Amino acid sequence: MLNDFSIFNIFCPWMAQQQQAKEEAIKTEANARKLNGLQPENNNFGNTNTVSLLKSANLLLERLLDRGDILIAQTETVEANANNAIAEQIALEKSTIIPPVTEVAREPELSETAKELIKLRDLVLLAKTGDNANTPELLESLYQELGQVLEKEGVQSLEDTGSYNYEQQQIMATRVVKDPDKDDLICETVRPGYMFNGKLVRSQEVTIYTYNSSTGSEIRD
């Protein structure tokens, strides 16, 4: 026959386990409420049994799982919309025709080579027409070849004859003549002029005839 002491020894561990299980159920229910964004329950759980606490925690966890499914579905929808927007933007960029960039044409400039050739050609002409000119045929050939080089650079030589042209020629000297038909005609070229890109680089320097019936022929600077 069990006495009071024996009964106490049997039920005491069981009661301790029940109390521990209830405390764990209370903690589980409180954590489930936090996960759902709810305030902790302020009620006294002393009169609430362990099964009720576990049921409450289970319902809260199921609610959290349902919300998780909704969030996953919303995230997938947002990602799909973003991917569609990116694909549309790429397609739009590919279909957009970018007009070619038109470069502004730069006006050609007289090269340094052409400038040096002009100076050299002047020296050749001076040697060819001087009192002590040597090998005039060779100098003439060199003079013509230099002119061809300038033409390749786009430089046009001005060695015109005929009537004086004030726009392209500069009078360096005059030669008086009695023939009125020669008045204002070019007698000779002192230095050739040059054109580049349709513009005058240097005027043609010339000697022209001047009609005067009362004097003999002479050159006047």
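Trainee: What makes strand 1 and strand 4 count as paired, and in which sense do they run?

Mentor: Strand 1 and strand 4 are joined by four bridges in the antiparallel sense; two strands pair if DSSP finds at least two bridges between them, so four bridges satisfy the rule. The strands are themselves DSSP runs (E, at least two residues), as are the helices (H or I, at least four residues), and both are numbered from the N terminus. Please keep in mind that this is a predicted model, in which local features need pLDDT of at least 70 and side-chain atom pairs count only at pLDDT 80 or more, while totals for chains, interfaces and linings use all residues. Residues are numbered from 1 along each chain as its sequence is written, and side-chain values use heavy atoms, with hydrogens and water left out.

Trainee: How do you know which residues stand opposite each other, for example what faces L158 in strand 4?

Mentor: The residue opposite L158 in strand 4 is G193. On the way to strand 5, M195 has L200 as its bridge partner, and Y194 has R202. Strand 4 (residues 193-196) and strand 5 are antiparallel and joined by three bridges, so this pairing also meets the requirement of at least two.

Trainee: Why are strand 1 and strand 5 called edge strands of the sheet?

Mentor: Three strands make up an open sheet in the order 1-4-5, with antiparallel pairing. Strand 1 (155-158) and strand 5 (199-202) each have a single partner strand, so one side of each has no neighbour in the sheet. On average, neighbouring strands of this sheet are turned by 35° against each other, direction ignored, where the axes are lines fitted to C-alpha atoms and angles between N-to-C directions run from 0 to 180 degrees.

Trainee: What makes the link between strand 4 and strand 5 a hairpin with an unusual residue in its turn?

Mentor: Two residues lie between strand 4 and strand 5 in this hairpin, and N197 in the turn has a positive phi of about 55°. Most residues other than glycine have a negative phi. N197 is not a glycine and yet its phi is positive, so N197 departs from what most such residues show. D184, in the loop between strand 2 and strand 3 (186-191), is another non-glycine residue with a positive phi, of about 70°.

Trainee: Is N197 called buried, partly exposed or exposed, and what is the value behind the word?

Mentor: Its relative accessible area is 39%, and the limits are under 20% for buried and over 50% for exposed, with partly exposed in between (1.4 Å probe, protein chains only), so N197 is partly exposed. D184 also has 39% and is therefore partly exposed. A173, a residue of strand 2 (residues 169-177), has 8% and hence counts as buried.

Trainee: How do you know which class R202 belongs to?

Mentor: The relative accessibility of R202 is 16%, which is under the limit for buried, so R202 counts as buried. Its side chain also makes a polar contact of 3.0 Å with that of D122; such a contact is a pair of N or O atoms within 3.5 Å (within protein, one must be able to donate a hydrogen and the other to accept it, and residues adjacent in sequence count only if both atoms are side-chain atoms), so 3.0 Å lies inside the cut-off. Among the residues that R202 touches, beyond those up to four places away in sequence, are I118, D122 and Y194, where contact means heavy atoms within 4.5 Å.

Trainee: What makes a group of residues the largest nonpolar core here, and how many residues does that core have?

Mentor: A nonpolar core is a set of buried Ala, Val, Leu, Ile, Met, Phe, Trp, Tyr and Cys residues joined through side-chain atoms within 4.5 Å. The largest one has 12 residues, including A114, L150, V155, Y194 and F196. Helix 3 (112-129), helix 4 (136-152) and strand 4 each give at least two residues to this core, and helix 3 gives the largest share, five residues. L150 is in contact with A114, V155 and Y194, among others, leaving aside neighbours within four places in sequence.

Trainee: Which way do the residues of strand 4 point?

Mentor: Y194 and F196 point one way and G193 and M195 the other, and all of them are buried.
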